[in-house]
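This report is meant for a reader who is meeting the structure for the first time. Please look at the sequence and the model below before reading on.

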Amino acid sequence: MGIVDCKRLGSSSNHQRICQTPLLMEGSPRLGSKGLVKKHEFVRILIQCLLSIGYEKSASCLELESGISCKSDDFQMLESQISSGNWDGCVDTLNTAQDLTDETRAAALFLVLKQCLLEYLSCGDDKLALAILQKEVSALRVDRSKVHNLARIILSSKEMEQSKTDDIAVCELRKELLQELEKLLPPPITLPENRLEHLVETAVLSQIDSCLYHNLSDAVSLYADHLCGRDQIPTETVQILTEHKNEVWFVQFSNNGKYLASSSSDCTAIIWKVLEDGRVTLNHTLRSHHKPVSFLAWSPDDSKLLTCGNVEVLKLWDVETGTCKHTFGDPGFIVSSCAWFPDSRRLVCGSSDPEKGIYMWDCDGNELKAWRGMRMPKILDLAVTPNGENLISIFSDKEIHILNVGTNAERVISVDHAITSLSISGDSKFFIVNLNSQEIHMWDVAGEWEKPLKYMGHKQSKYVIRSCFGGLNSTFIASGSENSQVYIWNRRNSRPIEVLRGHSMTVNCVSWNHKRPQMLATASDDHTIRIWGSSRPNKIQPQKLS
């Protein structure tokens, strides 16, 4: 095959290599208290890191002092051969290189031969290009479509006059080839990109994963092992809201974290405003229902709020003005729950009446779709994943139906105990259900899990108790309880990490602020809503608002 004479180029490397990588020997020095880190490997990735963050002089000094090069002998040889167009040498280097699978070797040879072939074409030497295709490339075990594409390039170059490629363009193409090979070839011939950063980040993530209270999005310090205290999650009452005159059944923060909505058996719902300092003040009292208000749902854009009356109709409210914009259904339609699609223009509601099923409406009350019929059971709860892809419903106590809205594919999960409520994680990947067996089950939406993760410790046997995901990346689960306490779990642990005391009766519902990971609201039969915050000294002092 020979060296391509028409484009002889010098080395394209900006960083002068000054030494060769030592042979990997059994007795090579080790680092660390456990002796698990090979010194030469550690130095190589240090040099790579220095180069990647722009410290080229420091990298050169470290190479000189250590006698260790960032690039392996094989890759430095390839770099020299490719830069000078020594394609025979490249093929020999790849054929004799250790630690290569047959597939990787063939892929690397194809890249090299392709560049060689294209350069012969650019020199006008169609015969040599065709010979490489027929004798060298065709013998490789690579995707045949790639070989056919090269053949088409040769044919097209014969039909039209090929303009010659200048030295600068060839140099750039050879640099691109080296970059492709650097990504393709495995260690120790090349180092994975940003290897030191990856190792450090992996260690940090491992420490975060083992930290039960991690709830911060800030960068983690490398100066000490990472460990958060309980002050990272809401554990102390910072405010008590007493505006409702009867049991508070439901509470939910808006998606932007600036509002809180609550509903009560006093037949009202309240929209509260969350101030910059974290205090909560009354904004609107919604009075239109004639029966207790059992359920709420914020539109994704937070401009609208849905309220479900217990054994009553569904109402749509304007958040800014606090006025009722529409009433859905008729007096005979019993709404159990409702949810929004991501566009904030479509909503669904389920009926606790058998055969009535699930309805999809627009904001003006026009029916867009319905799932109903003789075989349709009562709907206890439903939710739409934040990405709008799945509608999850609780059928007749013990069945979870997951419907892909786009494909109509459906999956059913059957459980042994009655389900009382449903909640979905913010990333649309997981959902939790409360069971009256005093367990919370977490399932994956995709259906890859055979069994759920289970969380225990709270009390639930008679009433509807609602739980939620919360904290950074939905790391935590919070739930009310029939023993007047609030329970918080880290998702990786089945037992609670915190039990919050303050309410005097059953805690029906909890909601974690999406934008303030240290803010939690709880609703209770004791007629109050408690706002929980951090236990740090600068917390808001507890205050009643009535």
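In this predicted model, a useful place to begin is the salt bridge in which the side chains of Arg466 and Asp381 meet, with a distance of 3.2 Å from N to O. The two partners belong to distant parts of the chain, 85 residues apart, since Arg466 lies in the loop between β23 (453–456) and β24 (467–470), while Asp381 is part of strand β16 (residues 379–384). Both Arg466 and Asp381 are buried.

The count of salt bridges in the model comes to eight, and three of these pairs, including the one just described, are set out in the table with the distance between their N and O atoms.

| Salt bridge | N to O distance |
|---|---|
| Arg466 and Asp381 | 3.2 Å |
| Lys71 and Glu79 | 2.6 Å |
| Glu119 and Arg174 | 2.6 Å |

In the pair formed by Lys71 and Glu79, Lys71 has a relative accessible area of 15% and therefore counts as buried, because the cut-off for a buried residue is under 20%. Glu79, with a relative accessibility of 8%, is likewise counted as buried.

The salt bridge between Glu119 and Arg174 again links distant parts of the chain, for Glu119 sits in helix α5 and Arg174 in helix α8, with their positions 55 residues apart in the numbering. Glu119 and Arg174 are both buried.

How are the two helices that carry this pair, α5 and α8, placed with respect to each other? The axes of helix α5 (residues 102–122) and helix α8 (residues 167–184) come within 10 Å and cross at roughly 175 degrees, and because an angle over 145 degrees counts as roughly antiparallel, α5 and α8 are described as roughly antiparallel to each other. On the side of α5, the contact is made by Thr104, Ala107, Ala108, Leu111, Val112, Gln115 and Glu119, and on the side of α8 by Val170, Leu173, Arg174, Leu177, Glu180, Leu181 and Leu184. Glu119 and Arg174, the partners in the salt bridge, are thus also among the residues that make this contact.

The last feature belongs to the surface, where Leu31, Leu36, Val37 and Phe42 form a nonpolar patch with about 340 Å² of accessible area together. Of these residues, Phe42 is placed in helix α1 (residues 39–52), and with a relative accessibility of 33% Phe42 counts as partly exposed, because that class lies between the cut-offs of 20% and 50%.

Technical notes
Residues numbered from 1 in each chain as written. Predicted model: local features only at pLDDT ≥ 70, side-chain atom pairs only at ≥ 80, totals over all residues. Heavy atoms only, no water. Patch = residues over 30% accessible without salt bridge, like charges linked within 9 Å, V, L, I, M, F, W, Y side chains within 5 Å. Areas by Shrake-Rupley, 256 points an atom, 1.4 Å probe, with all protein chains shown as cover. Salt bridge = Lys/Arg side-chain N within 4 Å of Asp/Glu carboxyl O. Helix = DSSP H or I, 4+ residues; strand = E, 2+ residues; numbered from the N terminus. Buried < 20%, exposed > 50% of the residue type's maximum accessible area, 1.4 Å probe, protein only. Axes fitted to C-alpha atoms, helices over the stretch in contact; angles between N-to-C directions. Parallel < 35°, antiparallel > 145°, perpendicular 65-115°, else oblique. Contact = heavy atoms within 4.5 Å.
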